[in-house]
Amino acid sequence: MHSDRAPLGLKIAAAAGLLFMHLPILLIFVYAFTTEDKSYQWPPPGYTLKWFGVTWARPDVWEALSLSLRVAAISTLIALVLGTLCAAAVARTRFFGRETISLLVILPIALPGIITGISLRSAFNLGDIPFSFWTIVLGHATFCVVVVYNNAVARFRRTSGSLVEASMDLGANAFQTFRFVILPNIATALLAGGMLAFALSFDEVIVTTFTAGQQQTLPIWMLEELVRPRQRPVTNVVAMVVVLVTFLPILGAYYLTRGTESVAGQGK
Amino acid sequence: MTTAIAFRRVSRHYGEVRAVDAVDLEVTEGEFFAMLGPSGSGKTTCLRLVAGFERPTAGEIEIFGQPCSKVPPYRRPVNTVFQDYALFPHLNVRDNVAYGLMIARVGKAERHRAAEQALEMVALPGYADRKPSALSGGQRQRVALARALVNKPKVLLLDEPLGALDLKLREQMQVELKSLQRQLGITFIFVTHDQGEALSMADRVAVFNEGRIQQVGRPEDIYDRPETPFVADFVGSSNVLPPEIVERLTGHRAHASLRPEAVRLQPGGHDAQVVELAFLGAVTRLTLKMEGQALTALVPKGQALPEKGSTVQIGWDNDALHLMGSRDG
Amino acid sequence: MAETAAHHPAPRGPVDRLSDLLWRRQGLLVLLLILPPALWLGVIYLGSLFALLAQSFFSIDEFSGLINYEFTLRTYGELFRAANLDIILRTVLMAASVTIAAAVIGFPVAYYAARYARGRWKALFYLGVMLPLWSSYLVKVYSWKLILAKEGILSWLFETLHLTWLLEAYLSLPVVGGNSLSVSWTGTFLVFLYVWLPFMILPIQAALERVPPSMLEASGDLGARPGQTFRHVLLPLALPGIVAGSIFTFSLTLGDYIIPQIVGTSARMIGQAVYQFQGTAGNIPLAAAFAVVPIVIMGVYLYVARRMGAFDAL
């Protein structure tokens, strides 16, 4: 235990844990090419590329994808503004209710998603608000704030407070200081937070089922396929594409914040 | 002579804490002025009040005769060198130095030229393209200085600017700062907790303790004629004798300061016990006990040293014993 | 050179004037910063949450099926009916098993990553946990539907190894078994474990990163065997991380309704009950009362976790 070589048992356990986390996702990639279209047979009886073409020609998949992308874009934008404002207020100053604000930001992901979902739905019911694009965005932006907030608040803490003073000392007013000093220093953290928020929104299903009404985001489309499989091969292809699409912002966020602060433990 | 900075009964309170308490002070144009005191004595808060990062709870600060409680930092004719330098990490050295000019809408070519000149002035030419993270502590300090001076402030504020440097670099920078100030003729206000630094560089020194000014004066006056026991003790670790002993010695009932280097081993003087000896190089420091009162004496190298625990006789010149007012430290 | 603009005492325009105001009144700045997020979260989120809570104090008229808007605790009383208590108990049990299993499997990964992995390996481990954490929830569930299917890879594996009898023996067990893995309690458990495992690893790793290796060496130096060092030094220091991770695994399992719906038995969990009562059954008061259960459980859990210092590891 004192040496810097890990015991064999630990090595095996750690490797097994990692494999457990990755093998199932890799399996998806194999199934996307199977010729079998009625069951989940393993090993696949044959391999084909034809389902990619079939999926490409499906308007319902495209519509769901487009809705998901639009929702994620708008929700991320709202979360960026709200999360940054909140982080700026909490990181820079001590004020009454500061702890409460942090808790309020974290609550939407700390509580199970179904509670956020059903709360929003009953509020829409009480307020006679019909389901729309914006009811989905409302829910998504609410739980995306925390991701941006966490990234921004960590960066604000690392950025020396005297930078702001130095800028004002050198003649810059509050707005110039924001533009020339604060924004450049938090930009990568915001970009990382925004990417994660995008991934989170793009993938969200639990809250969305309560706020979407008859609209279909890509995850809702997938959920229906899961509950009542009708188009297994198309689902396989969509699942693989979703994995690839969400990996990009995650890797991007990782490289942006690497070596500065961890994006760990931010949860979903 | 014009008054550059004036404090008029300035206080800064944080709830119950009186960081600065009814301070009156005038700094003359062209002066190298030091604010000296232990940490938490209010000296840095005073500097921040002048810069505009803090606002007084009561009183008024005037900069060249103009009240400025309502003037934000970005419109005051002062610039600051920060303790942690506060260089902008996303800008290279040139853009850091040119920042103030950029904000003031000076053209790119002109402000770059000015930045290069300022860097030359602080003996840092050729570093313009580096990022602050690629500089040493001493180099960052020079950039911070150039960044402030390029704006031609009427008053330059320096917040413990040499605190993070090692001894040798610090001594070198002390000399450079002093000559820079002479050359530019700008008023410097310099905050430090190092009395040696304050005494060697400043034209005048204000000694702070617990939010109040204890004494303002030329370094020689502060050193030779401390007005309070705190000043005597803080500036050069003078012996402070209590009124009872001073009364027996001189007939006056008051605190008195007695410099350690003025205490001599002198047969026929006052009896004192040697408690401790510490070899300091050029001198040896004796810790003595006289009539129950601890005293330090500095004995130059080459003189015979007493044994630890022995009793010696000590004395001093009459004018070495400096009586102080009743203000407490 | 001319004096720079920093030396003009008068504001230069409306923007400067506004900036001056913010400088003079720091409180106003904070207020302006905090107002939009506080309004959004306070009105939209908390408002909805209270709307939900309020509903739980109403009841449903059994004959008309309409909501009776009068304060009553009757709906909460219904939670204590045997069938409903069963649902709650089953869910809490599942959450607890998932949490324990995740801690056991996650610890070695976190420990290796924190203590031994260096350089490229460290980055690899980090991404190795982050990618599954952030990759699509539904895709992850879907992959297990493929794995656990009767004709899927797991059955094939048992068959290839000539161990089909073992799988069948296991499936014939009461409670954990079932017709096939995809409709068994074990299946639900495996999917939960898989989906929430990264949420356990990251906080444990964060806690372990803060344990200096010299501390473990000191323990060994003082004569502790590796097992003793683990029990008396490493585990107590990692505990806040484990508790922090368990907040995620516990909370997420309590509220999930999709996993047990797709993989598992017909016996419901809290999430499914909430979903069905508010949807097909139209009994919103009872759904709301059910939704309060995880909130209360998590409230207690967070309170205990906070006292154990778990929030420092988040």
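**Domains, interfaces and a salt bridge in a predicted model**

Analyst: For chain C, an unreviewed UniProt entry places the feature "domain: ABC transmembrane type-1" at residues 88-305. The model discussed here is predicted. Within it, residues 88-305 of chain C are 78% helix and 0% strand, and the end C-alpha atoms of this span lie 21 Å apart.

User: What does UniProt place at residues 5-235 of chain B, and what is the helix and strand content there?

Analyst: The feature is "domain: ABC transporter", again from an unreviewed entry. Residues 5-235 of chain B are 36% helix and 27% strand, with end C-alpha atoms 24 Å apart. The name comes from the UniProt record, and such an annotation may be inferred rather than shown by experiment, so the label alone is not experimental proof.

User: What makes B:K43 and B:E160 a salt bridge?

Analyst: The rule asks for a side-chain nitrogen of Lys or Arg within 4 Å of a carboxyl oxygen of Asp or Glu. In B:K43 and B:E160 the closest N and O atoms are 3.7 Å apart. That value is within the 4 Å cut-off, so the pair is called a salt bridge. In general, side chains of opposite charge can pair when their charged atoms come close.

User: Where in chain B do B:K43 and B:E160 sit?

Analyst: B:K43 is in helix α1 (residues 43-51) of chain B. B:E160 is in the loop between β7 (155-159) and α6 (167-184) of chain B. The two residues are 117 residues apart and link distant parts of the chain. Over all chains, the same rule gives 28 salt bridges.

User: How do you know that chain C and chain A touch, and how many residues are involved?

Analyst: Contact requires heavy atoms within 4.5 Å. By that test 88 residues of chain C are in contact with 92 residues of chain A. The two chains bury about 8,500 Å² between them, 78% of it on carbon and sulfur atoms. On the chain C side, C:Y45, C:W134 and C:Y142 lose the most area to chain A, together 10% of what that side buries.

User: How many salt bridges and polar contacts does the interface of chain C and chain A have?

Analyst: The rule finds zero salt bridges across the interface. It finds 14 residue pairs in polar contact, both residues being at pLDDT 80 or more. Helix α2 (residues 26-56) of chain C gives the most to the side that touches chain A, with 17 residues. By class, that side of chain C has 65 nonpolar, 15 polar and eight charged residues.

User: Which domains is chain C divided into, and how do they meet?

Analyst: The assignment gives domain 1 (14-68) and domain 2 (79-313) of chain C. Their C-alpha centres lie 33 Å apart, and the contact takes eight residues from each of the two domains. About 650 Å² is buried between them, 83% of it on carbon and sulfur atoms. C:L52, C:S56 and C:I60 supply 55% of the area that domain 1 of chain C buries against domain 2 of chain C, more than any other three residues.

User: What do the polar counts say about these two domains of chain C?

Analyst: Between domain 1 and domain 2 of chain C there are zero salt bridges and zero residue pairs in polar contact with both residues at pLDDT 80 or more. On the domain 1 side, α2 and β1 (59-60) of chain C are the elements that give two or more residues. The largest share, four residues, comes from α2(C). This side of domain 1 of chain C has five nonpolar, three polar and no charged residues.

User: How are the domains of chain B assigned, and what is buried between them?

Analyst: Chain B has domain 1 (3-230) and domain 2 (233-323), with 38 Å between their C-alpha centres. In the contact, 14 residues of domain 1 of chain B meet ten residues of domain 2 of chain B. The two domains bury about 1,000 Å² between them, 66% of it on carbon and sulfur atoms. Zero salt bridges cross this interface, while six residue pairs are in polar contact, both residues at pLDDT 80 or more. The domain 1 side divides into nine nonpolar, three polar and two charged residues.

Definitions and conventions:
Residues numbered from 1 in each chain as written. Chains lettered and ligands numbered in written order. Predicted model: local features only at pLDDT ≥ 70, side-chain atom pairs only at ≥ 80, totals over all residues. Heavy atoms only, no water. Domains from an automatic or database assignment. Buried area = accessible area lost by both parts, 1.4 Å probe. Polar contact = N/O pair within 3.5 Å; in protein donor to acceptor, adjacent residues only side chain to side chain. Nonpolar A, V, L, I, M, F, W, Y, C, P; charged D, E, K, R; others polar.
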